[in-house]
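Subject: Structure handover, aromatic contacts

Hello,

Here is the structure for your files. My notes on its aromatic contacts follow below.

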Amino acid sequence: MAGAGPVGTHVSLPIRRFDAIVIGAGGAGMRASLQLAEMGLSVAVLSKVFPTRSHTVAAQGGIGASLGNMSEDHRLWHMYDTVKGSDWLGDQDAIEFMCRMAPQVVYELEHYGMPFDRNPDGTLYQRPFGGHSANFGEKSIQRACAAADRTGHAMLHTLYQQNVRAHTQFFVEWMALDLVRDAEGDVLGVTALEMETGEMMVLQAKATLFATGGAGRIFAASTNAFINTGDGLGMAARAGIPLEDMEFWQFHPTGVAGAGVLITEGVRGEGGILLNCNGERFMERYAPNLKDLASRDVVSRSMDQEIKEGRGCGPHKDYVLLKLDHLGPEVIMKRLPSIREIAINFANVDPIKEPIPVVPTIHYQMGGIPTNMYGQVIAPRDGDPNVVVPGFYAIGECACVSVHGANRLGTNSLLDLLVFGRAAGSFIGEQRLERRQHKDLPRDAADASMARLARLDASTGGERVADVAHTLRRTMQAHCGVFRNQQLLSEGVTKIMELEQRVKRVAIDDKSKTFNTARVEALELDNLIETAKASIVSAEARRESRATATASITSRCG
């Protein structure tokens, strides 16, 4: 059972103790917490939003798995597509493990109650997806298991219900502030803030698992939710944990122009096509084989090239069109109902009648906290680059295993959450944590967090948090976007370093201090600047071009 109280510590804040703490209640966090709770451990899950509002809810297209329900498929074909999509930078051992485990985790999710689309014979329906091929790139294949275009939504609800059944304890609308480490470097938990009341607490655990998601809000145009502020990355960096592959960011080809809301690749999987202002299906020129279902970096670069060469659409020629009216109302309403709703609400078009204006938009980070296949965080120490940080784990988008390399293959995000959430949960559970004692907390366990809050509460006369955050996002968009060159990146590094100093001087006005949302936004800005700094410095240091698929065509492009 969870414990509480000041026994064995000099920390003045309230303390809650668990066998394991999971920071983040998205797909990765809840898959891991479910595994832990079912193994009999006391588990707490901390989330800034209600669990079913986590950003996994926005995943639309599906979960990649070589079930072979539509035609012959093989895990080695899935592995090949993932390695090729990663621009050959993915860890191939980890990729093999993920593709081998894919059918098992999908069937487990089905048995938990996930309402997948089905074929007439009762098997799971699978749709085509960008970069998915048969026989090592020979032709497109149907591999994505989906629940219409609401796969992430269905997955989150399924996992949340199973966690409630397993008696997982949720801390809803709580924000983790900083890691707690002792003199030996072991991670003993986190400090956390209840967002409604401003109450601080130490959550102590024998295993601390980060599943905090990505940091897409460091860019001005993003498919990410406002909660995706890189909190886990910021906490890790402040605690001296390195971040890996942070230069690799994926731009999704089809975000709604001007709004950034995601239009799933499943639209093209169901037969949607991209057109330029001449009505040309231009992807036939760039990827004659896979066409509109090429990997995301190829499609994003092709779209950007069309726009740069003057073949974009609209009054400013700054987007292309995604046409799906030829699919017919029945297919759209059955397979893509949410996409129609998004198009009507955010683009003011009905895709049954007219095309959707789309543009490449920041979507996913490939880099993160370095881990092995069991979620154990890796950090260099005493000259050894592969030392495990005791008690610290990371999974999902905030982690770097690395199964995505320089670019993530579509549908592998949800697969990543399931496979490594399950693997980390099983590994932690096998450590028999319930038989161990909690270590004593260091005297300064909460000092850094309390100092940050005290500085904000005492701040006067500085810049507004929103102004600095806005400048940060514009800077990253301008200097670390789809196409990058040395001059742009070098100028961007200088500007982000200047912004880091401005972040330290932000102020919350007296009126805003009565609302904890102002404090939360300022605390999130601390994490945003750490993530932006790691991303642009890494990009500037990589002196080569890499196909960061939809990933930001990261690196040198001129």
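How many aromatic pairs does a search of the whole structure find? The search returns 14 aromatic pairs. Please keep in mind that this is a predicted model.

One of these pairs is Phe50 with Tyr160, in an edge-to-face arrangement. Their ring centres are 5.2 Å apart, and the planes meet at 65°. That angle counts as edge-to-face because it is over 60 degrees. The two residues are 110 residues apart and link distant parts of the chain: Phe50 is in the loop between strand S3 (43-47) and strand S4 (63-64), while Tyr160 belongs to helix H4 (residues 151-165). Phe50 has 37% relative accessibility, so this residue counts as partly exposed.

Phe171 and Trp174 make another edge-to-face pair, with 5.6 Å from centre to centre and 90° between the planes. Phe171 counts as buried because its relative accessibility is 7%. Trp174, at 6% relative accessibility, is therefore also classed as buried.

Aromatic residues also group beyond single pairs: Trp77, Tyr80, Trp88 and Phe136 form one cluster.

Two arginines are placed over aromatic rings, as follows:

- Arg217 lies over the face of Phe226, 4.2 Å from the ring centre.
- Arg335 lies over the face of Tyr125, 3.8 Å from the ring centre.

Regards

Technical notes:
Residues are numbered from 1 along each chain as its sequence is written. This is a predicted model: local features need pLDDT of at least 70, side-chain atom pairs count only at pLDDT 80 or more; totals for chains, interfaces and linings use all residues. Side-chain values use heavy atoms; hydrogens and water are left out. Rings of Phe, Tyr and Trp (its six-membered ring) pair if their centres lie within 6.5 Å; planes under 30 degrees apart count as stacked, over 60 as edge-to-face and the rest as tilted. Helices (H or I, at least four residues) and strands (E, at least two) are DSSP runs, numbered from the N terminus. Buried means under 20% relative accessible area, exposed over 50%, partly exposed in between (1.4 Å probe, protein chains only). A charge sits over a ring if NZ of Lys or CZ of Arg is within 6 Å of the ring centre and within 35 degrees of the ring normal.
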